[in-house]
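Student: I would like to understand how the words used to describe a protein model are justified. Could we go through some of them together, setting each value against its cut-off?

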Amino acid sequence: PKITKEKAYHPDSLHNPHTAVMHSLIIPGWGQLYNHQWWKVPIIYAGLGLLGDVILYNQQQYKIFLKEDILREHGVVTGRNPELALITDPDIDTFTNVFRRDRDLGILGMLGGWVIQMIDAYIDAKFKHSYTMDNNLSFKIRPSVINQSSYAFSNTATYIPAITVTFTLK
């Protein structure tokens, strides 16, 4: 058969990790596109979109309950929400705090997701920039037998089937 020379991969000296991080800082997912990992972009936008939805929902509910809480605190009857008429004053105050806390956690989650995608872009760019992935590592898998002697029972050896894995660095 025809002998073919295997391609060796060498680090990309032009791929800059700093550029990947700056791209991801400006627009989420841009660093992943710079690293040629386009499949991560929908995952990033799905996560950030869900966190954005959490923030918006909790902000809307927080405004509703905060307005109701302020009106009840001042004893104003006009302008109250009729859907919240059966909820007690301490529960209104509790719901206000819960929606504010959940909104704040959503904001922290959004910032955390943004930072995580920046870190991911940096690490992937660093691997492309610094580390080689050439064909000088090989391994071989083959069946074998392990000879294990039984010391206390008899002079005969016990054989156990096994799999041998051999790594070779060229």
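Tutor: We shall take salt bridges, burial and a surface patch in turn, keeping in mind that this is a predicted model.

Student: What makes the contact between Lys40 and Asp124 a salt bridge?

Tutor: The term asks for a side-chain nitrogen of Lys or Arg within 4 Å of a carboxyl oxygen of Asp or Glu. Here the side chains of Lys40 and Asp124 meet at 2.7 Å, N to O, so the pair satisfies that cut-off and is called a salt bridge. The two partners belong to distant parts of the chain, 84 residues apart, with Lys40 in helix H3 and Asp124 in helix H4.

Student: Why is Lys40 called buried?

Tutor: Buried means under 20% relative accessible area, and because Lys40 has a value of 13%, the word applies to Lys40. Asp124 has 14%, and therefore Asp124 is buried as well.

Student: Which residues are linked with Lys40 in a network of salt bridges?

Tutor: The network links Lys40 with Asp120 and Asp124, and the structure as a whole holds six salt bridges.

Student: How do you know that Arg101 and Asp102 form a salt bridge?

Tutor: Their closest N and O atoms are 3.1 Å apart, and because the limit is 4 Å, the pair qualifies. Arg101 has a relative accessible area of 47%, which lies between 20% and 50%, so Arg101 is partly exposed. Asp102, at 23%, falls between those two limits too and therefore counts as partly exposed.

Student: Are the partners Arg103 and Asp104 buried or partly exposed, and what is the reason?

Tutor: Their side chains meet in a salt bridge at 2.9 Å, N to O. Arg103 has 16% relative accessible area, under the 20% limit, so Arg103 is buried, whereas Asp104 has 33%, between 20% and 50%, and is therefore partly exposed.

Student: Which residues make the nonpolar surface patch?

Tutor: The patch, of about 1,100 Å², is made by Met22, Leu25, Ile26, Ile27, Trp30, Leu33, Trp38, Trp39, Ile43 and Tyr45. Helices H1, H2 and H3 each supply at least two of its residues, and the largest share, three residues, comes from H1.

Student: What makes Tyr45 accessible enough for such a patch?

Tutor: Tyr45, which lies in helix H3, has 41% relative accessibility and counts as partly exposed. Patch residues need over 30% relative accessible area, so the value of Tyr45 passes that cut-off.

Notes. Residues numbered from 1 in each chain as written. Predicted model: local features only at pLDDT ≥ 70, side-chain atom pairs only at ≥ 80, totals over all residues. Heavy atoms only, no water. Patch = residues over 30% accessible without salt bridge, like charges linked within 9 Å, V, L, I, M, F, W, Y side chains within 5 Å. Areas by Shrake-Rupley, 256 points an atom, 1.4 Å probe, with all protein chains shown as cover. Helix = DSSP H or I, 4+ residues; strand = E, 2+ residues; numbered from the N terminus. Buried < 20%, exposed > 50% of the residue type's maximum accessible area, 1.4 Å probe, protein only.
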